[in-house]
Amino acid sequence: MPASISAVEIRPEMTRGEEDLWCELIERRSGNWFSEKRLYLLRSCLWREMQHRGIATFGDYYRLVEKNADAWNSLLDRCVNRETLFFRQMASYAALSDELLPVIRAQRVRQGGNRIALWSAGCSSGEEAYSMAIAAKEAPPPGCFQFDVLGSDLSGEAVAMARRAVYGSRPVAEMPEMLRRRYLVRHESGYEVNAAIRAMVRFEQCNLSDPSTYPAALQDAIFCQNVFIYFREAMRVQVAAGFARCLRPGGFLVPAPGELIGLALPGLKWLRLRNTMVLERGG
């Protein structure tokens with residue numbers, strides 16, 4: 001090896017045994033599963049962290065991550081997929097505004113309450129949670145209801161980005177122009193969510209594989225979109241069951257199209273709306 005090239009500049013080969021160890025550790029702690037097709041991404045994330053820390057072998061890095069919470073959290077921040085947009089899956093937000101919230105409001109009136117709880121589970125950098133708040137704000141009629149919107153993500157770095165509420169042009173590309181003008185303000189970095197919407201939303205870390213980190217308050221609707229695809233089937237069922245326990249009777253779970261089709265989901269039943277399908281908690 002030339003003297004000018006350090007050991008941490010040449011990526012070592014990862015053995016099958018090392019791949020299995022890393023996949024087992026990450027899935028056990030977070031629920032995220034690296035399939036064969038995604039192993040290249042895992043190797044890349046591990047190697048970038050190893051270079052950052054000056055560690056030359058996957059085994060040495062594994063021993064660090066296994067015991068060191070900061071190293072584990074840093075790896076999670078690098079591994080999670082943050083590709084998301086405002087109003088991604090527009091049909092889901094139209095359903096929330098036009099079809100689900102009228103049902104939820106009627107339930108609140110019957111029960112004598114005026115607070116509606118919405119949860120964006122796996123919100124990444126916050127676009128989904130803010131989109132839910134905007135859809136709630138736009139839902140006719142406004143009435144006297146108060147909305148509590150929770151955005152949660154596994155990544156602490158993603159949660160910090162969500163709280164800043166500042167975005168470039170790409171995340172707002174699919175947002176209707178009328179809504180962008182009404183709820184975002186120009187910022188030197190692109191756009192910032194306005195104060196009224198920010199006041200409706202709070203953000204927390206949550207590990208969907210660990211129900212003890214779920215919100216204690218019952219939710220009226222949960223969005224969890226483009227998250228289940230990173231879980232094995234058994235974990236999808238487990239997380240959906242946890243969501244069912246978090247929903248009020250008659251509450252709704254809104255996955256991305258196709259994510260939970262064909263699975264047995266106790267306590268939840270499919271409901272076909274005009275342009276999409278959601279799950280409703282029985283009772």
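Student: What makes the contact between Arg202 and Glu204 a salt bridge?

Tutor: In this predicted model, the side chains of Arg202 and Glu204 come to 3.3 Å, N to O. The cut-off is 4 Å between a side-chain nitrogen of Lys or Arg and a carboxyl oxygen of Asp or Glu, so the pair counts as a salt bridge.

Student: Why is Arg202 called partly exposed?

Tutor: Arg202 has a relative accessible area of 41%. Partly exposed is the class between under 20% and over 50%, so Arg202 belongs there. Glu204, at 34% relative accessibility, is partly exposed as well.

Student: Which residues are joined into one network by salt bridges that share partners?

Tutor: Arg16, Glu19, Asp20, Glu36 and Arg43 are joined in that way. The structure holds 17 salt bridges.

Student: How do you know that Arg78 and Glu49 form a salt bridge?

Tutor: Their closest N and O atoms are 2.9 Å apart. That is within 4 Å, so the pair meets the definition. The two residues belong to distant parts of the chain, 29 residues apart: Arg78 is in helix 4 (residues 69-79) and Glu49 in helix 2 (residues 39-53).

Student: Is Glu49 buried or exposed, and why?

Tutor: Glu49 is buried, because its relative accessible area of 2% is under 20%. Its partner Arg78 counts as partly exposed, because 30% falls between the two cut-offs.

Student: What makes Glu177 and Arg180 a salt bridge, and where do they lie?

Tutor: The closest N and O atoms of Glu177 and Arg180 are 2.2 Å apart, within the 4 Å limit, so the name applies. Both residues lie in helix 8 (residues 177-183), 3 residues apart, about one turn of the helix.

Student: Why does Arg180 count as buried?

Tutor: The relative accessibility of Arg180 is 17%, which is under 20%, so Arg180 is buried. Glu177, at 36%, is neither under 20% nor over 50%, and therefore counts as partly exposed.

Student: What is the volume of the largest pocket, and which residues are closest to its centre?

Tutor: The largest pocket has a volume of about 520 Å³. It is lined by 32 residues, and Asn81, Asp153, Asn226, Val227 and Tyr230 are the closest to its centre. Helix 1 (16-30), helix 4 and strand 2 (146-153) each contribute at least two lining residues.

Student: How many residues of each class are in that lining?

Tutor: The lining has 16 nonpolar, 10 polar and 6 charged residues. Asp counts as charged, so Asp153 is one of the charged lining residues. Tyr230 is nonpolar in this scheme, because Tyr is listed in that class.

Notes
Residues are numbered from 1 along each chain as its sequence is written. This is a predicted model: local features need pLDDT of at least 70, side-chain atom pairs count only at pLDDT 80 or more; totals for chains, interfaces and linings use all residues. Side-chain values use heavy atoms; hydrogens and water are left out. Helices (H or I, at least four residues) and strands (E, at least two) are DSSP runs, numbered from the N terminus. Buried means under 20% relative accessible area, exposed over 50%, partly exposed in between (1.4 Å probe, protein chains only). On a 1 Å grid over the protein atoms alone, a cavity is a set of points where a 1.4 Å probe fits but cannot get out, and a pocket is an open set with protein on both sides within 12 Å along at least five of seven lines; lining residues have an atom within 4 Å of a point. Grid points are joined across faces, edges and corners, and a volume is the space filled by probe spheres set on the points.
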